[in-house]
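Let's take a friendly walk through a protein model together. Have a look at the picture first, and then we will start with one pair of side chains and work outward.

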Amino acid sequence: MKLVPLNDRVVLKHVVAEETTKSGIVLPGQAKEKPQQAEVVAVGPGGLVDGKEVKMEVKAGDTVIYSKYSGTEVELDDEKYVIVRQSDILAIVE
C-alpha cells in the first residue's frame, strides 16, 4: 500500500531517536520524548487551501522538524507515519 497525501498534507516517517544522551546516559523507553525530526515520505499537490494558494516547500527525502503535537499518526504495513499540514513543519534540516 502507498499513502498519497491530499492538498497541503505531508507524510512523515520518524527518524530513529538516539538511545543515549551526549553525556552517555542510556534512556529507558518511558523517558524518551516523541521525536520531532522526520523524513518526508510523500507530499501533496498543494493548490487552493482555505481560499489561499499553497505552494509546497518540502519534497520527498527532506529531513524536517515539525510541531510537537501536530499531525495524525497512521500505521501501514507495520510502519508508523505522521500526516501533517505543511504549516506544521517548522524547518528543513540541511
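Asp8 and Arg85 form a salt bridge, with their closest N and O atoms 3.6 Å apart. Where do these two residues sit along the chain? Asp8 belongs to the segment before strand 1 (9-14), while Arg85 is part of strand 7 (residues 79-85), so the pair ties together parts that are 77 residues apart in sequence. Please keep in mind that you are looking at a predicted model.

Are the two partners buried or exposed? Asp8 has a relative accessibility of 5%, so Asp8 counts as buried. Arg85 is partly exposed, because its relative accessible area is 28%.

**More partners**

Arg85 also meets the side chain of Asp50 in a salt bridge, at 3.9 Å from N to O. Asp50 is found in the loop between strand 3 (47-49) and strand 4 (52-54), and Arg85 is in strand 7, so this pair ties together parts that are 35 residues apart in sequence. With a relative accessible area of 68%, Asp50 is exposed. Through shared partners, salt bridges join Asp8, Arg9, Asp50 and Arg85 into one network.

Arg9 enters this picture through Asp8: their side chains form a salt bridge of 3.6 Å, N to O. Arg9 counts as partly exposed, at 27% relative accessibility. Here are the salt bridges described so far.

| Salt bridge | N to O distance |
|---|---|
| Asp8 and Arg85 | 3.6 Å |
| Asp50 and Arg85 | 3.9 Å |
| Asp8 and Arg9 | 3.6 Å |

How many salt bridges does a search of the whole structure find? The search finds five, and the table shows some of them.

**The strands and their sheet**

Now let's step back to the overall fold. What does the secondary structure consist of? The protein has zero helices and eight strands. Along the sequence, the pattern therefore reads β-β-β-β-β-β-β-β, with each β standing for a strand.

Six of the strands make an open sheet with antiparallel pairing, in the order 6-7-1-2-5-8. Strand 6 (72-76) and strand 8 (89-93) are the edge strands, each pairing on one side only. From one strand to the next, the twist averages 40°. You can find strand 7, the home of Arg85, between strand 6 and strand 1 in the sheet order.

For a closer look at one pairing, try strand 2 (residues 37-43) and strand 5 (residues 63-66). These two strands pair in the antiparallel sense over three bridges. Within this part of the sheet, Ala38 has Val64 in strand 5 as its bridge partner.

**The surface**

Which residues make a nonpolar patch on the surface? Ile65, Leu90 and Val93 form this patch of about 240 Å². Leu90 is located in strand 8, one of the edge strands of the sheet. Its relative accessibility is 57%, so Leu90 counts as exposed.

The accessible surface of the protein as a whole comes to about 6,700 Å², and 52% of this belongs to carbon and sulfur atoms. Of the 94 residues in the protein, 26% are buried.

**Contacts along the chain**

One last number brings us back to residues that lie apart in sequence. Among the contacts in the protein with a separation of 6 or more, 67% are between residues 24 or more positions apart. The salt bridge between Asp8 and Arg85, where we began, ties together parts 77 residues apart in sequence.

Technical notes. Residues are numbered from 1 along each chain as its sequence is written. This is a predicted model: local features need pLDDT of at least 70, side-chain atom pairs count only at pLDDT 80 or more; totals for chains, interfaces and linings use all residues. Side-chain values use heavy atoms; hydrogens and water are left out. Helices (H or I, at least four residues) and strands (E, at least two) are DSSP runs, numbered from the N terminus. Buried means under 20% relative accessible area, exposed over 50%, partly exposed in between (1.4 Å probe, protein chains only). Contact means heavy atoms within 4.5 Å. Accessible areas come from the Shrake-Rupley method with a 1.4 Å probe; for residues, only the protein chains shown count as cover. Two strands pair if DSSP finds at least two bridges between them. Axes are lines fitted to C-alpha atoms, for helices over the stretch in contact, and angles run from 0 to 180 degrees between N-to-C directions. A salt bridge is a side-chain nitrogen of Lys or Arg within 4 Å of a carboxyl oxygen of Asp or Glu. Patches are made of residues with over 30% relative accessible area and no salt bridge: like charges are joined within 9 Å, nonpolar side chains (Val, Leu, Ile, Met, Phe, Trp, Tyr) within 5 Å.
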